[in-house]
Amino acid sequence: MYSYSIRTLDELKEFLYQAMRLEHATIPPYLTALYSIKPGVNQDATQVLRVIVVEEMLHLTIAANILNAIGGTPDLTRPDFAVDYPASLPDGETDFKVGIQAFGREALATFLKIERPAQRPIHLVGKGLIHRKTSPHTTALGNDPRHEDLHFYSIGEFYSTIAEGIKYLEAEAHRVGTTIFTGDRSRQITSEYYYSGGGELFAVTDLKSALEATELIIEQGEGDGGGIYDDNEHELAHYYRFDELVKGRYYQKGDQPGHPTGPQLQVDWEGAYPIKANLKVVDIDIKKDPELREAATAFNTRYGEFLQLLTRAYNGQPTLLLEAVPIMFEFRNMILELIRNPLTNHPGKNGCPTYEIPGSTKQAAVTRQAEVRA
Amino acid sequence: MLFPLESALTADPKTVAASGDYDIVIIGAGISGAIIAKQAAEAGKRVLILEAGTGANRTLAGYDDLLTNFYSAASKDNQSPFPLNANAAMPRSPLRKLQAGQTDSSTYIVQSGPYVSDTTYTRIFGGTTMHWEAKTPRLLRSDFKTRTIFGQGLDWPLSFEEIEDDYRLAEREIGVSANVDDQQYLGQTFPGDYVFPMRGLPLSYLDQQVNKGIEGTSVELHGKTYPLKVRPYPQGRNSIPNPAYDGGKGYRPIGAVDTHQVEEGGRCQGNTNCVPLCPVQARYHAGKTLAKAFAVNGKSSERLVELLSQAVASKVNIDPDSGKVRTIEVKVYKDPASAAHETITVKGKVFVLGAGAIETARLMLASGLPSTSGLVGRNLMDHAYLLNWALMPQICGTMRGTSSTGGIVDLRDGPFRERQAAFAIDIHNDGWGWATGAPTSDLLELVDDRNLHGADLRRGVIDRVSRQLLLAFMIEVMPVESNRITVDPRYTDPLGNMRPILSFTVPEYTMKGAAYGRHFARTVFARLGAQDHTYYDPSDFGYVDFEKQGYAIRGGNHLAGTHIMGTTKTNSVVDKNQRSWDHENLYLVGGGSMPTIGTANVTLTLAAMCFRSSRDILKYLH
């Protein structure tokens, strides 16, 4: 049995990098599903998805804050940062694949799995990590960075391991009269730059704030200890927001998980564009759909520039986050362009963003411009 | 759940009518009523709010429906999101030109010529803050005593110093974005440690281009020199929270995305359709304050604030012996499409009329309550707007940013106010829209008259629109008793309620300001090298002749003065707490209480006054 505890600061940094990668990996599927919804329908689903996308961005930033707090260097331009879809995520004793697809029942089933509250059943407690079932060629998330073939039982367990690692390493540091929280305070992103993100963004500077940060991520995703709300009884956890759409009913205070009793809501399961799931740029016929192919490539390039901008923002230039806002509007327009146009060689299917981010780390014009303005 | 269920609930007319224990009954779910309801509930009082509109927009789905109405409307005027509701009708375009003595009763407000005002207000949950532009300047110190200083208008029974703390409460409630440094002009001062809840929004590129052309220049007026520059406006929309707010505690904007936040708004994205409706609720509206009020629970965790919508107050009943308000008669309709209704009587200890300057006066007059001073309905004020438009010599990125981010405001005050009205100039980021119907009018012309299409059309629109500069002169109007609201049983709505009749003449003092404003605009255009396209059509409904020149005057929707406050029951309708002199348990709140409006949009000031009234009401109840 392999012990999955974190015992060194370098290990913790790598776990936090993987956490950022994991948080980011949920954004493209949610964002694509959101923009696949046809105008004028699925108002409730649109709101749910929008809220959750924004909260995932918050989680990404929180993970960056923790990494910065312990003197790490967030890097969203590492060649493996953006994942190759479909990617696999832990699902208890097995794993499942998350991909880029239109809003619909199938997408929702996947989203529920992503946010699933998962505590180990008694017979597995203390049994170590789980072996991957998916092909080693599939991008795996929520796994142990030291053992690509082993994954955690759930995302919650992955974060608990990080929290335990922080506690252990800080206690060790204390024993020799020091601390692991040596990061530059000015690298922290605060609510000045990020709010209305379904939670307060706060600076991580010590053990207390670091543990609060990990708890916030877990609770917003899964709820607090199996309850439908997060810790302040104020916000519904992601899992139950998706569950509302499946059940066609809102949760209200006092409801038990799985049994919403609030007002009914309407979901139009046909109200999304039929996009080709997990499309790759090479799947778009360069002769028949040259414009679509160009649009897909342009989006990927722009997305790569966006990740570079975020990297700089998380590395001491938080004001650059303000420049990221208009880029998000560009994304909406670019994604809609892809999603609303048919693919000639896939009859009945429309295009979609492929999120194949160029590995190039050279500084793009946009970040230079943003820097000058900032 | 995505929205707080509590706010989706609404009271039942029978229960409301049977209930004898409301501490406060408020007419109107606008910002005035919202602030008083919230303050009272937090003090443990039971509050009933009566709202004439359907209240559907109190949920996110209802708000989104208003947005859909706006997006699909052919005319994007400031009432376009709001469905027609004859039972709670509101002023709407189009208006027609009238001759002197001619009366038009075809629109909700009955107007008689020759001047026709296009002023509007919104009879809907959230009141006129549902479509306001959210500029939040304070009145200047001198605005509180224009009679003493300039021999014009009336003095307030309050000084700036007496209302200053309440201005700060109002700025907190609205979540004003501004930098203190930018607001320190014309003697405006702030305590040493004061910061606004959020940092100022940046000036638009258009503002910066205008500033480049005029900064360092000045104008002379009656022997005094006024330096020119573009200054940012304080605004009721979310920007970056200031960490130094509240002694370093910071300000927490209520965000847009969680259960509770979804009702309350994200960060300003510069969508430029602030008026009529912000798509992300970054702009403050009274629904945000109401959501907080609805969330307050009493001792046995019952909700303290109830809302009865589709409830149009029709008569205030007075006890003839005590002069106190005994009840209010309310017509509750079942469907906006039908006049079928039941009439209920509502009891309470204190009554608050917060239905806006026109509706509050209308209700008082329709109830036969003209007041000792005889001033109910009189002294109607609204900023007179004079539009001036030109094409900038270079591309200025018009249509970016919020509706208006900055302006030329150094002529808001000066000794010249002895002779002519002051003004503040808004630079409009949405181009010539208000003046000409741009960009739709540009598009039609390019397609129909010039036969452009494809790339040429796109280029053409950019060339036309992105250089458009609109300077909107917001000109001071002083109280004049003959400018007024009246009622007449000949003009009623489907529920049988009397409609407001508006009589208004733009005062000479204001027209002198307008004439100078036109001259001033020419000066600014010349300095900018901008080509003046301003044209006032004599057939325009707001056309006014003044000293052989014609001007089209627009209403500013900054309504005030119909129940002005003063020092005695003979010179005013309400006291400095907005309490009726004649009825000790009746408060007439909102812009109607303002004795003068200076050159500040009225909402911040009336919000500040409602904090003051809240304290007085609680004192009265104890």
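**Helix packing, core and buried arginines in chain B**

Helices α6(B) and α16(B) are roughly perpendicular to each other, because angles of 65 to 115 degrees are counted in that way. In this predicted model, the axes of α6 (residues 160–174) and α16 (residues 603–621) of chain B come within 8 Å and cross at roughly 110°. On the side of α6(B), the residues that meet α16(B) include B:Glu162, B:Tyr167, B:Ala170 and B:Glu171, while those contributed by α16(B) include B:Leu604, B:Ala608, B:Phe611 and B:Arg615.

Two residues named in this helix pair, B:Glu171 and B:Leu604, are also in contact with B:Arg138, which lies in the loop between β4 (110–112) and α5 (146–150) of chain B. B:Arg138 has a relative accessible area of 4% and is therefore buried, the limit for that term being under 20%. Its side chain is joined to that of B:Glu171 by a polar contact of 2.8 Å, and among its other contacts beyond four places in sequence are B:Tyr167, B:Gln188, B:Phe190 and B:Arg412.

A second arginine, B:Arg417, is placed in the loop between β14 (406–408) and β15 (423–428) of chain B, and with a relative accessible area of 0% this residue is likewise buried. The side chain of B:Arg417 makes a polar contact of 2.5 Å with the side chain of B:Glu476. When neighbours within four places in sequence are left aside, the residues in contact with B:Arg417 include B:Ser142, B:Asp143, B:Phe150, B:Arg412 and B:Tyr509, and B:Arg412 is also listed among the contacts of B:Arg138.

The largest nonpolar core has 155 residues, and those with the most contacts inside it are B:Leu411, B:Phe520 and B:Ile553. Helix α15 (residues 508–528) of chain B supplies the largest share of this core, namely nine residues. A second core, separate from the other, comprises 112 residues, including A:Ala25, A:Ile52, A:Ile155 and A:Ile339. Within chain B, and not counting residues up to four places away in sequence, B:Phe520 touches B:Val219, B:Leu228, B:Ile408, B:Leu411, B:Phe423, B:Ile425 and B:Phe473.

One of these partners, B:Phe423, is located in strand β15 of chain B and counts as buried at 1% relative accessibility. B:Phe423 touches, among others, B:Leu411, B:Arg412, B:Phe473, B:Gly513, B:Tyr516 and B:Phe520. Although B:Phe423 and B:Ala514 are separated by 91 residues in sequence, their C-alpha atoms are 8.6 Å apart in space.

Helix α15(B) also packs against helix α8 (residues 205–214) of chain B, at an angle of about 90° and with the axes 8 Å apart. At that angle, α8(B) is roughly perpendicular to α15(B). The contact is formed by B:Gln209, B:Val210, B:Gly213 and B:Ile214 of α8(B) together with B:Val524, B:Arg527 and B:Leu528 of α15(B).

Chain B further contains an open sheet of three strands, in the order β9-β10-β11 and with antiparallel pairing. Its edge strands are β9 (311–318) and β11 (341–347), each of which pairs on one side only, and neighbouring strands of the sheet are turned by 25° against each other on average, direction ignored. Strand β9(B) is joined by seven bridges to β10 (residues 325–333) of chain B, and B:Lys315 has B:Glu329 in β10(B) as its bridge partner.

Methods
Residues numbered from 1 in each chain as written. Chains lettered and ligands numbered in written order. Predicted model: local features only at pLDDT ≥ 70, side-chain atom pairs only at ≥ 80, totals over all residues. Heavy atoms only, no water. Helix = DSSP H or I, 4+ residues; strand = E, 2+ residues; numbered from the N terminus. Buried < 20%, exposed > 50% of the residue type's maximum accessible area, 1.4 Å probe, protein only. Polar contact = N/O pair within 3.5 Å; in protein donor to acceptor, adjacent residues only side chain to side chain. Contact = heavy atoms within 4.5 Å. Core = buried A, V, L, I, M, F, W, Y, C linked by side-chain atoms within 4.5 Å. Pairing = 2+ DSSP bridges. Axes fitted to C-alpha atoms, helices over the stretch in contact; angles between N-to-C directions. Parallel < 35°, antiparallel > 145°, perpendicular 65-115°, else oblique.
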